[in-house]
Every structure is written in structure tokens, then in C-alpha cells.
Amino acid sequence: MGEEIDKGATEARRVTRLIRLPEVQHRVGLGRSTIYRWMAEGKFPRPVQLGGYAVAWAEHEIENWIDDRLG
């Protein structure tokens with residue numbers, strides 16, 4: 001009578017917001033060139049590709065990066 005429920009589908013998923021470069025710059029206080037240089041050096045989170053040349057960062061990754069700097 002009832003439908004089977006996939007237990008994996010009912011678990012809470014991590015909801016994250018994707019933020020674009022201007023907001024990342026505002027939050028971390030760094031310029032574009034520094035962000036991209038630090039990404040190349042492995043010192044800053046990498047963005048996700050949205051399509052074409054558009055990229056964005058997962059908000060929680062930027063928040064974690066800031067928290068790590070604050071100690």
C-alpha cells in the first residue's frame with residue numbers, strides 16, 4: 001500500500017550556498033590576484049565550475065578557511 005522510503009534520501013543533506021568572487025573578496029579581505037595565487041599554492045579553497053568561465057566557492061569552505069585563520 002505505502003511506498004518504500006529510501007533511507008539515504010531522507011537523511012539531512014548539507015545545504016550550502018555558492019558565493020561568487022566579489023563576495024569572497026569582501027569576506028576574506030583579499031584581492032582577486034592574491035586569492036588565485038593562494039589557490040595555486042594550495043593555501044585557499046578552490047571554486048566549483050558552474051559552466052563556461054563562471055566559478056563560485058562553497059560558502060562553508062570559505063567560512064572554514066576564515067575560522068582556521070582566527071585560531
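Colleague: Is Trp65 buried or exposed, and what is its relative accessible area?

Modeller: This is a predicted model, where local features need pLDDT of at least 70, side-chain atom pairs count only at pLDDT 80 or more, and totals for chains, interfaces and linings use all residues. Residues are numbered from 1 along each chain as its sequence is written, and side-chain values use heavy atoms, with hydrogens and water left out. Buried means under 20% relative accessible area, exposed over 50%, partly exposed in between (1.4 Å probe, protein chains only). Trp65 is buried, and its relative accessible area is 10%.

Colleague: What kind of aromatic pair do Trp38 and Trp65 form?

Modeller: Rings of Phe, Tyr and Trp (its six-membered ring) pair if their centres lie within 6.5 Å; planes under 30 degrees apart count as stacked, over 60 as edge-to-face and the rest as tilted. Here the centres are 6.2 Å apart and the planes make 45°. The pair of Trp38 and Trp65 is therefore tilted.

Colleague: Which class fits the pair of Phe44 and Trp65?

Modeller: The ring centres of Phe44 and Trp65 are 4.8 Å apart. Their planes stand at 65°, so the class is edge-to-face.

Colleague: Where in the chain does Phe44 sit?

Modeller: Trp65, its partner, is in helix 4, 21 residues apart from Phe44. Helices (H or I, at least four residues) and strands (E, at least two) are DSSP runs, numbered from the N terminus. Phe44 lies in the loop between helix 3 and strand 2.

Colleague: Why do the buried residues of helix 4 fall on the same side?

Modeller: The buried residues in helix 4 are Glu59, Ile62 and Trp65. An α-helix has 3.6 residues a turn, so residues three or four places apart point the same way. The arc is that of the directions from the helix axis to the C-beta atoms. These residues share a side because they cover an arc of only 130°.

Colleague: What span should helix 4 have, and how far apart are its end C-alpha atoms?

Modeller: The expected span is 1.5 Å times one less than the number of residues. For the 12 residues of helix 4 that gives 16 Å. The end C-alpha atoms agree with this, at 17 Å.

Colleague: In what order do the strands of the open sheet lie?

Modeller: Two strands pair if DSSP finds at least two bridges between them. There are 3 strands, and the pairing is antiparallel. Strand 1 (18-19) and strand 2 (48-51) are the edges, each pairing on one side only. The order is 1-3-2.
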